Amino acid sequence: MAHALKFFFAPNSRAMSILWLLEELGVPYDTEIVDINGEGGAPERYRAIQPHKKVPAIQHEGAVITERAAISIYLTERFPEAHLAPPVGDPKRGPFLSWMVYVDAVVDPALSAKGLGFQYTKRSTSYGSFDDMLAHVERTLTAQPYALGDAFSAVDTQLGTAIYWALELAKVFPDKPVFRDYLKRLAARPAFQRHLTKTF
Ligand SMILES: N[C@@H](CCC(=O)N[C@@H](CS)C(=O)NCC(=O)O)C(=O)O
(Lines give C-alpha, C1' and ligand atoms only; values in the text may rest on other atoms or scores of the structure.)
Protein backbone atom coordinates (compact mmCIF):
# COMPACT_ATOMS: atom_id res chain seq x y z
CA MET A 1 0.00 0.00 0.00
CA ALA A 2 1.22 3.49 -0.80
CA HIS A 3 2.43 5.65 2.07
CA ALA A 4 0.81 9.02 2.88
CA LEU A 5 4.04 10.77 1.94
CA LYS A 6 5.52 10.79 -1.56
CA PHE A 7 8.93 12.26 -2.27
CA PHE A 8 9.98 13.49 -5.71
CA PHE A 9 13.72 13.06 -5.87
CA ALA A 10 16.75 13.15 -8.16
CA PRO A 11 20.21 11.99 -7.04
CA ASN A 12 23.01 14.57 -6.68
CA SER A 13 20.60 17.47 -6.41
CA ARG A 14 19.18 19.77 -3.74
CA ALA A 15 16.73 16.98 -3.04
CA MET A 16 19.57 15.15 -1.23
CA SER A 17 19.02 17.26 1.87
CA ILE A 18 15.33 16.28 1.95
CA LEU A 19 16.30 12.63 1.58
CA TRP A 20 18.66 13.07 4.54
CA LEU A 21 15.94 14.87 6.53
CA LEU A 22 13.44 12.07 5.83
CA GLU A 23 15.98 9.56 7.13
CA GLU A 24 16.51 11.73 10.23
CA LEU A 25 12.74 11.85 10.79
CA GLY A 26 12.38 8.09 10.33
CA VAL A 27 8.98 8.35 8.66
CA PRO A 28 7.76 6.01 5.91
CA TYR A 29 7.60 7.46 2.40
CA ASP A 30 7.49 6.46 -1.24
CA THR A 31 9.99 7.89 -3.67
CA GLU A 32 9.49 8.86 -7.29
CA ILE A 33 12.76 9.41 -9.11
CA VAL A 34 12.47 12.41 -11.44
CA ASP A 35 14.83 12.37 -14.41
CA ILE A 36 16.02 15.98 -14.46
CA ASN A 37 18.95 15.22 -16.74
CA GLY A 38 17.04 14.35 -19.88
CA GLU A 39 16.87 16.84 -22.75
CA GLY A 40 14.65 19.72 -21.66
CA GLY A 41 14.76 18.58 -18.05
CA ALA A 42 12.12 16.54 -16.26
CA PRO A 43 9.14 15.14 -18.18
CA GLU A 44 6.44 17.74 -18.86
CA ARG A 45 3.88 15.89 -16.72
CA TYR A 46 6.03 16.66 -13.65
CA ARG A 47 5.20 20.37 -14.08
CA ALA A 48 1.85 19.60 -12.43
CA ILE A 49 3.87 18.90 -9.27
CA GLN A 50 6.64 21.51 -9.52
CA PRO A 51 6.06 24.56 -11.73
CA HIS A 52 9.73 24.74 -12.80
CA LYS A 53 10.08 20.94 -13.07
CA LYS A 54 12.70 21.03 -10.30
CA VAL A 55 13.28 18.74 -7.36
CA PRO A 56 12.60 18.35 -4.50
CA ALA A 57 8.85 18.21 -4.03
CA ILE A 58 6.62 16.18 -1.75
CA GLN A 59 2.99 15.18 -1.76
CA HIS A 60 1.39 14.60 1.62
CA GLU A 61 -2.23 13.89 2.40
CA GLY A 62 -3.31 15.30 -0.96
CA ALA A 63 -1.26 18.52 -0.81
CA VAL A 64 1.81 19.23 -2.92
CA ILE A 65 4.62 21.11 -1.19
CA THR A 66 7.47 22.62 -3.20
CA GLU A 67 10.55 24.72 -2.39
CA ARG A 68 13.13 22.97 -0.27
CA ALA A 69 12.97 25.27 2.76
CA ALA A 70 9.18 25.03 2.87
CA ILE A 71 9.36 21.25 2.57
CA SER A 72 11.83 21.02 5.46
CA ILE A 73 9.79 23.30 7.70
CA TYR A 74 6.59 21.42 6.81
CA LEU A 75 8.13 18.02 7.55
CA THR A 76 9.57 19.08 10.91
CA GLU A 77 6.17 20.48 11.89
CA ARG A 78 4.25 17.40 10.83
CA PHE A 79 6.72 15.02 12.48
CA PRO A 80 7.74 16.89 15.65
CA GLU A 81 8.69 13.69 17.54
CA ALA A 82 12.13 13.83 15.89
CA HIS A 83 12.86 17.20 17.54
CA LEU A 84 14.54 18.63 14.48
CA ALA A 85 13.02 22.09 14.86
CA PRO A 86 12.29 24.28 17.87
CA PRO A 87 8.51 24.37 18.38
CA VAL A 88 6.40 27.51 18.05
CA GLY A 89 6.93 29.53 21.24
CA ASP A 90 10.52 28.36 21.72
CA PRO A 91 13.02 31.27 21.66
CA LYS A 92 14.96 29.44 18.95
CA ARG A 93 11.93 29.19 16.63
CA GLY A 94 12.67 32.58 15.03
CA PRO A 95 16.37 31.85 14.40
CA PHE A 96 15.34 28.44 13.02
CA LEU A 97 13.03 30.05 10.46
CA SER A 98 15.65 32.68 9.60
CA TRP A 99 18.26 30.03 8.93
CA MET A 100 15.95 27.80 6.90
CA VAL A 101 15.13 30.69 4.60
CA TYR A 102 18.66 32.12 4.66
CA VAL A 103 20.22 28.93 3.32
CA ASP A 104 17.96 28.82 0.27
CA ALA A 105 17.40 32.53 -0.32
CA VAL A 106 20.93 33.79 0.43
CA VAL A 107 23.54 31.02 0.78
CA ASP A 108 22.48 29.06 -2.30
CA PRO A 109 22.14 31.95 -4.77
CA ALA A 110 25.34 33.58 -3.47
CA LEU A 111 27.17 30.28 -4.01
CA SER A 112 25.76 29.93 -7.52
CA ALA A 113 26.65 33.53 -8.37
CA LYS A 114 30.20 32.95 -7.17
CA GLY A 115 30.53 29.63 -8.98
CA LEU A 116 29.20 31.10 -12.22
CA GLY A 117 31.35 34.23 -11.93
CA PHE A 118 28.44 36.70 -11.89
CA GLN A 119 29.49 40.33 -11.50
CA TYR A 120 27.15 42.36 -9.29
CA THR A 121 27.20 44.86 -6.47
CA LYS A 122 26.09 43.57 -3.09
CA ARG A 123 23.18 45.96 -2.81
CA SER A 124 21.81 45.12 -6.24
CA THR A 125 20.56 41.64 -5.33
CA SER A 126 18.37 40.32 -2.53
CA TYR A 127 21.04 37.81 -1.51
CA GLY A 128 23.88 40.32 -1.25
CA SER A 129 27.57 39.54 -1.28
CA PHE A 130 29.26 36.19 -1.16
CA ASP A 131 31.79 37.52 1.37
CA ASP A 132 29.09 38.72 3.80
CA MET A 133 27.40 35.29 3.56
CA LEU A 134 30.68 33.43 4.05
CA ALA A 135 31.55 35.58 7.09
CA HIS A 136 28.12 34.94 8.67
CA VAL A 137 28.32 31.18 8.16
CA GLU A 138 31.92 31.01 9.39
CA ARG A 139 31.22 33.17 12.45
CA THR A 140 28.23 31.02 13.39
CA LEU A 141 30.03 27.68 13.06
CA THR A 142 33.08 29.01 14.88
CA ALA A 143 30.92 29.97 17.86
CA GLN A 144 28.85 26.76 18.01
CA PRO A 145 28.82 23.22 16.60
CA TYR A 146 25.51 23.53 14.69
CA ALA A 147 23.63 26.34 12.99
CA LEU A 148 21.27 26.83 15.93
CA GLY A 149 23.70 26.16 18.77
CA ASP A 150 24.58 22.91 20.53
CA ALA A 151 21.85 20.80 18.97
CA PHE A 152 21.57 19.46 15.43
CA SER A 153 18.44 20.63 13.61
CA ALA A 154 16.87 20.51 10.15
CA VAL A 155 18.84 23.68 9.32
CA ASP A 156 21.99 21.57 9.30
CA THR A 157 20.64 19.25 6.61
CA GLN A 158 20.38 22.24 4.27
CA LEU A 159 23.42 24.18 5.45
CA GLY A 160 25.58 21.05 5.53
CA THR A 161 24.59 20.11 2.00
CA ALA A 162 25.35 23.65 0.80
CA ILE A 163 28.75 23.72 2.53
CA TYR A 164 29.65 20.31 1.13
CA TRP A 165 28.83 21.59 -2.36
CA ALA A 166 30.75 24.84 -1.81
CA LEU A 167 33.83 23.11 -0.41
CA GLU A 168 34.10 19.85 -2.33
CA LEU A 169 32.43 20.46 -5.66
CA ALA A 170 32.35 24.15 -6.55
CA LYS A 171 35.41 24.86 -4.40
CA VAL A 172 34.23 28.38 -3.66
CA PHE A 173 34.48 28.05 0.15
CA PRO A 174 37.93 28.32 1.74
CA ASP A 175 39.20 24.97 2.96
CA LYS A 176 39.17 25.71 6.70
CA PRO A 177 38.92 23.40 9.75
CA VAL A 178 35.69 25.12 10.85
CA PHE A 179 33.90 23.81 7.73
CA ARG A 180 35.71 20.44 7.64
CA ASP A 181 34.88 19.80 11.32
CA TYR A 182 31.24 20.72 10.76
CA LEU A 183 30.99 18.30 7.83
CA LYS A 184 32.67 15.59 9.94
CA ARG A 185 30.10 16.06 12.72
CA LEU A 186 27.30 15.74 10.18
CA ALA A 187 28.82 12.73 8.43
CA ALA A 188 28.95 10.87 11.77
CA ARG A 189 25.14 10.78 11.90
CA PRO A 190 23.60 7.41 11.00
CA ALA A 191 20.83 9.08 8.97
CA PHE A 192 23.46 10.94 6.96
CA GLN A 193 25.20 7.66 6.13
CA ARG A 194 21.85 6.01 5.29
CA HIS A 195 20.90 8.75 2.83
CA LEU A 196 24.19 8.32 0.97
CA THR A 197 23.73 4.61 0.47
CA LYS A 198 19.97 4.52 -0.04
CA THR A 199 18.74 2.49 -3.01
CA PHE A 200 15.31 2.84 -4.57
N1 LIG B 1 13.84 26.72 -5.72
C2 LIG B 1 13.95 25.27 -5.78
C3 LIG B 1 15.22 24.94 -6.54
C4 LIG B 1 15.43 23.47 -6.68
C5 LIG B 1 16.53 23.18 -7.71
O6 LIG B 1 17.33 24.06 -8.06
N7 LIG B 1 16.54 21.94 -8.21
C8 LIG B 1 17.45 21.55 -9.26
C9 LIG B 1 18.37 20.44 -8.78
S10 LIG B 1 19.57 21.05 -7.66
C11 LIG B 1 16.64 20.95 -10.41
O12 LIG B 1 15.68 20.25 -10.20
N13 LIG B 1 17.06 21.22 -11.65
C14 LIG B 1 16.47 20.64 -12.81
C15 LIG B 1 16.12 21.64 -13.87
O16 LIG B 1 16.22 22.85 -13.63
O17 LIG B 1 15.70 21.20 -14.94
C18 LIG B 1 13.96 24.70 -4.36
O19 LIG B 1 14.57 25.32 -3.48
O20 LIG B 1 13.35 23.65 -4.11
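**Ligand site and three buried residues**

In this predicted model, an oxygen atom of the ligand lies 3.0 Å from an N or O atom in the side chain of Arg14. The protein buries 75% of the 510 Å² that the ligand exposes when taken alone. The ligand takes up the space of the largest pocket. The points below cover the ligand's surroundings and then three residues: Gln50, Tyr29 and Leu167.

**Residues around the ligand**

- The shell around the ligand is made of Ser13, Arg14, Ile36, Lys54, Val55, Pro56, Glu67, Arg68 and Asp104.
- By residue type, this shell divides into five charged, three nonpolar and one polar.

**Polar atoms facing the ligand**

- Lys54 has a polar side-chain atom 2.6 Å from an oxygen atom of the ligand.
- Arg68 approaches through its backbone: one of its backbone N or O atoms is 3.0 Å from an oxygen atom of the ligand.
- In Arg14, by contrast with the backbone atom of Arg68, the atom concerned belongs to the side chain.
- Each of these pairs counts as a polar contact because its N or O atoms lie within 3.5 Å.

**Gln50**

- Gln50 sits in the loop that runs between strand E2 (30-33) and strand E3 (57-60).
- The relative accessibility of Gln50 is 4%, so Gln50 counts as buried, the limit being under 20%.
- A polar atom of the Gln50 side chain is 2.6 Å from the backbone nitrogen of His52.

**Tyr29**

- Tyr29 belongs to the loop between helix H1 (15-25) and E2.
- Is Tyr29 buried or exposed? Tyr29 is buried, because its relative accessible area of 11% is under 20%.
- Measuring from C-alpha to C-alpha, Tyr29 and Val101 are 25 Å apart in space, and 72 residues apart in sequence.

**Leu167**

- Leu167 is part of helix H5, which covers residues 154-169.
- With a relative accessibility of 5%, Leu167 is under the 20% limit and therefore counts as buried.
- Leu167 and Arg180 are 13 residues apart along the chain, and their C-alpha atoms are separated by 8.7 Å.

Definitions and conventions:
Residues numbered from 1 in each chain as written. Predicted model: local features only at pLDDT ≥ 70, side-chain atom pairs only at ≥ 80, totals over all residues. Heavy atoms only, no water. Near = heavy atom within 4 Å. Polar contact = N/O pair within 3.5 Å; in protein donor to acceptor, adjacent residues only side chain to side chain. Areas by Shrake-Rupley, 256 points an atom, 1.4 Å probe, with all protein chains shown as cover. 1 Å grid on protein atoms, 1.4 Å probe; cavity = no way out; pocket = protein on both sides within 12 Å on 5 of 7 lines; lining within 4 Å. Sits in = over half its atoms within 2 Å of the grid points. Nonpolar A, V, L, I, M, F, W, Y, C, P; charged D, E, K, R; others polar. Helix = DSSP H or I, 4+ residues; strand = E, 2+ residues; numbered from the N terminus. Buried < 20%, exposed > 50% of the residue type's maximum accessible area, 1.4 Å probe, protein only.
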